[in-house]
Amino acid sequence: MTLTVVDERYQHYDEAYFQDGSQRGTQYRGYKEGARRNRTYFEVAETIIKCFRPKRALEIGCATGIVVKHLNDLGVEAHGIDVSQWAIDNREHPNVILSGAESMPYDDNYFDVVYSVHSLEHLPTDIKDAAFTEMTRVCRTGIQFHMLPIIGNGPYVGDTFQHLINLRSDPSHNLLFNKEWWIKQWSAHGWRDTGMQIAFVHDSEHFELTLCQYILSQQNLSDEQIQRVLQHDISVAYGLNQALHGKPPPGLDVHIAALCDKVRGPITPPSDRDAPVNYLETAAVKQVRNEAERLRAAYDEVLKSTSWRITTPLRALRRWLKV
């Protein structure tokens, strides 16, 4: 199914926008070929599966749909929409269609996860509310997971005026606000900030995925969902430490190993081999929270002594442990 986009504003997203962004104020260069080789897009797909385990996922502003392709290749029914005719003409998967977020051809509550990678900031102001309504309609009981430039987070801390000037070199950057503004907009549609953040290995100040994101739900996350995100973030932090230093910094290996054990929990409770799985999940999360205060001192030491690429996921993990 395809839709016809008649809004002239969308003509901005032509071949030059993606293939030679210097003509349109973007950093894109040879997007079509580059996206296929880009490890970050594959990591986004892997991470969505690992943390959310969706049956169906929808990407808003998917461009040619490389993440959509990866998700389908990995067994998830993924769909994507974009307003660029060039992107649709060069789409990577048949589930990528021409459509705006303000009017989508999907059934109510069809998706488990609606996500985006640097696209919501492009929503025209006058269709913003309609887009939020539509994204809610197609995923009312699932997860909203969006990564985008957020003023005051990641590389956009400090001189707000200069950040806005830089970001608006692309004239299609319409919604450039802080996280509080975004959460307020979504809360009008029943969504709540989960307080969780997902760390990415293949992150940089160009992608700014780890610190510039939010995960929303209309109901409390289950213990199992919380554990999956925590386990993922721990794995990222541990892996980056090993990549940078060959082994975790002194002391961190012990604390990460201990925290991993707390999150995973025992295979069965020592006192009751027949206890239900729910008990294990709840106990594991409680152990993480109870242990958080002692672990923060260890994280503080690491945050002061390691580079940006390792502190990014550790900061995301530490922020959640404060809850």
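**Exercises on a predicted model**

His118 sits in the loop that runs between β4 and α6 (128-137). The model is predicted.

**Exercise 1.** Describe the backbone and the exposure of His118.

Solution. Start with the backbone: His118 is not a glycine, yet its phi is positive, about 55°. Next take the relative accessible area of His118, which is 19%. Buried means under 20%, so His118 is buried.

**Exercise 2.** Place Asn109 in the chain and decide whether it is buried, partly exposed or exposed.

Solution. Asn109 belongs to the loop between β3 (96-98) and β4 (113-117). Asn109 also has a positive phi of about 55° without being a glycine. Its relative accessible area is 34%. The partly exposed class lies between the 20% and 50% limits, so Asn109 is partly exposed.

**Exercise 3.** Classify the packing of helices α3 and α4, and work out the character of the contact.

Solution. Helix α3 covers residues 39-52 and helix α4 residues 66-73. Their axes are 9 Å apart and form an angle of about 50°. Angles under 35 degrees count as roughly parallel, and 65 to 115 as roughly perpendicular; α3 and α4 are therefore oblique to each other. The crossing is right-handed. On the α3 side the contact is made by Tyr41, Phe42, Val44, Ala45, Ile48 and Ile49, and on the α4 side by Ile66, Val67, His70 and Leu71. Sorted by type, the contact residues of α3 with α4 are nine nonpolar, one polar and no charged.

**Exercise 4.** State the mean confidence of the protein chain and name a stretch where the pLDDT is below 50.

Solution. The mean pLDDT is 81, and 71% of the residues reach 70 or more. One stretch below 50 is residues 265-281, with 11 contacts beyond near neighbours in sequence.

Definitions and conventions: Residues numbered from 1 in each chain as written. Predicted model: local features only at pLDDT ≥ 70, side-chain atom pairs only at ≥ 80, totals over all residues. Heavy atoms only, no water. pLDDT = per-residue confidence, 0-100. Contact = heavy atoms within 4.5 Å. Axes fitted to C-alpha atoms, helices over the stretch in contact; angles between N-to-C directions. Helix = DSSP H or I, 4+ residues; strand = E, 2+ residues; numbered from the N terminus. Parallel < 35°, antiparallel > 145°, perpendicular 65-115°, else oblique. Left-handed = near helix turned anticlockwise from the far one by under 90°. Nonpolar A, V, L, I, M, F, W, Y, C, P; charged D, E, K, R; others polar. Buried < 20%, exposed > 50% of the residue type's maximum accessible area, 1.4 Å probe, protein only.
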